Amino acid sequence: MTETSIKYALVTGGSRGIGRAVCIRLARMGYHVLINCVSRYAEARQTLEQVQAAGGSGEVLPFDVSHREQTAKVLEAWKDTHPEGYIEVLVNNAGIRRDNLLALMPAEDWDSVLDITLRGFYNVTQPLLQPMLTHRYGRIVNMASVSGLRGMPGQTNYSAAKGGIIAATKALAQEVARRGVTVNAVAPGFIRTDMVEGLDEDALRKTIPAARFGEPEEVAALVGFLASEEAGYITGDVISINGGLY
Ligand code: NAP
């Protein structure tokens, strides 16, 4: 296969949870998947093994999305080694939560949550955008949250970050729509991953109309659709996937 015929997708935070399920989904759609992680390299390798078991291909690309120079260096090095290829699907999925009442929140927990989501969005998206515009095709899917739509007490930092990414999605979508690049956000409710570990699932289930947490594969199916060619007329939108919990 020539390099120009290989289709590349990058999933930030692809080592676990929703990101891992998205990697497998995109691999099944024929993408060579760049699986990003920040520290859990072994888990990212497991994602790669699952991608390969699904008949796909990929590689692990570790970098901290919140670190501008590091991200730029890794993406430039990838571009240098793939002069004919370009990343046509970008899923900005990396995220953390550091919950606390704002009155008690240490500054580093404000900064880290916003840095990974918002600086991370800029650091990864900005350098990948020009090749998408040049090729007149691209799909960007940003992982938001129900918290970014309605605001959640105990998550002022996370709600601000996810609200910001929703606004950025809507703005960027308008900048690039004429060039065949779509930008959408996905807003999950409670999805069964490491991120919700320690939450009182029995109590929370009662607040969800569907009476259960969602599965990473359910989110991945939505991301896969938004990343497909068929979704070309959907842009600037934020799609909830939350079992009815608005
Ligand atoms: P998770 O299981 O905790 O996985 C988080 C992923 O993000 C990991 O792959 C992690 O890499 C990566 N990551 C964290 N900081 C990073 C950084 N600085 N640079 C690069 N990668 C980084 O979380 P998840 O539940 O799958 O969440 C995925 C996304 O969905 C997040 O944006 C989250 O906010 C959003 N979301 C989740 C839920 C939910 O209920 N689970 C609900 C709404 C929205 P390492 O493995 O290397 O640490």
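**Entry 1. A charge and a ring**

I looked up lysine 7 and found that it lies over the face of tyrosine 31, at 4.6 Å from the ring centre. I note here that the model is predicted.

**Entry 2. Aromatic pairs**

I next searched for paired rings, and the structure holds two aromatic pairs. In the pair of tyrosine 8 and tryptophan 78, the ring centres are 4.9 Å apart and the planes stand at 80°. Planes over 60 degrees apart count as edge-to-face, so I recorded this pair as edge-to-face. I then asked which elements hold the two residues. Tyrosine 8 is in strand β1 (residues 8-11) and tryptophan 78 in helix α3 (residues 68-81). The pair links distant parts of the chain, as the two residues are 70 residues apart.

Are these two residues buried or exposed? Tyrosine 8 has 3% relative accessibility and counts as buried. Tryptophan 78 has a relative accessible area of 4% and is buried.

The other pair I examined joins phenylalanine 190 and phenylalanine 213, with ring centres 5.3 Å apart and planes at 15°. Planes under 30 degrees apart count as stacked, so I recorded the pair as stacked. Phenylalanine 190 lies in the loop between β6 (181-188) and α7 (201-205). Phenylalanine 213 lies in the loop between α7 and α8 (216-226), so the pair ties together parts that are 23 residues apart in sequence. I found both phenylalanine 190 and phenylalanine 213 to be buried.

**Entry 3. Surroundings of the ligand**

I listed the residues around the ligand, of which there are 32. Which of them come nearest? They are Ser15, Asn93, Tyr158, Ile191 and Thr193.

I then looked up atom distances. For arginine 16, a polar side-chain atom lies 2.8 Å from an oxygen atom of the ligand. For aspartate 64, an N or O atom in the side chain is 2.8 Å from a nitrogen atom of the ligand. For glycine 189, a polar backbone atom is 3.3 Å from an oxygen atom of the ligand. I also noted the area: the ligand exposes 900 Å² when taken alone, and the protein buries 95% of that.

**Entry 4. Two helix residues**

I placed valine 74 in helix α3. Its C-alpha is 8.3 Å from that of proline 62, and the two residues are 12 residues apart in sequence. Not counting residues up to four places away in sequence, valine 74 touches Leu61, Pro62 and Phe63.

I placed threonine 125 in helix α4 (residues 107-135). Threonine 125 has 3% relative accessibility, and buried means under 20%, so I entered this residue as buried. With which side chain does the side chain of threonine 125 make a polar contact? The partner is asparagine 92, at 3.1 Å. Leaving aside neighbours within four places in sequence, I found threonine 125 in contact with Leu90, Asn92, Ile140 and Leu172.

**Entry 5. Positive phi angles**

I looked for residues other than glycine with a positive phi. Arginine 136 has a positive phi of about 55° although it is not a glycine. I found arginine 136 in the loop between α4 and β5 (138-143). At 51% relative accessibility, arginine 136 counts as exposed.

Alanine 211, also not a glycine, has a positive phi near 60°. I found alanine 211 in the loop between α7 and α8. With a relative accessible area of 42%, alanine 211 is partly exposed.

Terms used: Residues are numbered from 1 along each chain as its sequence is written. Side-chain values use heavy atoms; hydrogens and water are left out. Rings of Phe, Tyr and Trp (its six-membered ring) pair if their centres lie within 6.5 Å; planes under 30 degrees apart count as stacked, over 60 as edge-to-face and the rest as tilted. Helices (H or I, at least four residues) and strands (E, at least two) are DSSP runs, numbered from the N terminus. Buried means under 20% relative accessible area, exposed over 50%, partly exposed in between (1.4 Å probe, protein chains only). A charge sits over a ring if NZ of Lys or CZ of Arg is within 6 Å of the ring centre and within 35 degrees of the ring normal. A residue is near a molecule or strand if one of its heavy atoms lies within 4 Å of it. A polar contact is a pair of N or O atoms within 3.5 Å; within protein, one must be able to donate a hydrogen and the other to accept it, and residues adjacent in sequence count only if both atoms are side-chain atoms. Accessible areas come from the Shrake-Rupley method with a 1.4 Å probe; for residues, only the protein chains shown count as cover. Contact means heavy atoms within 4.5 Å.
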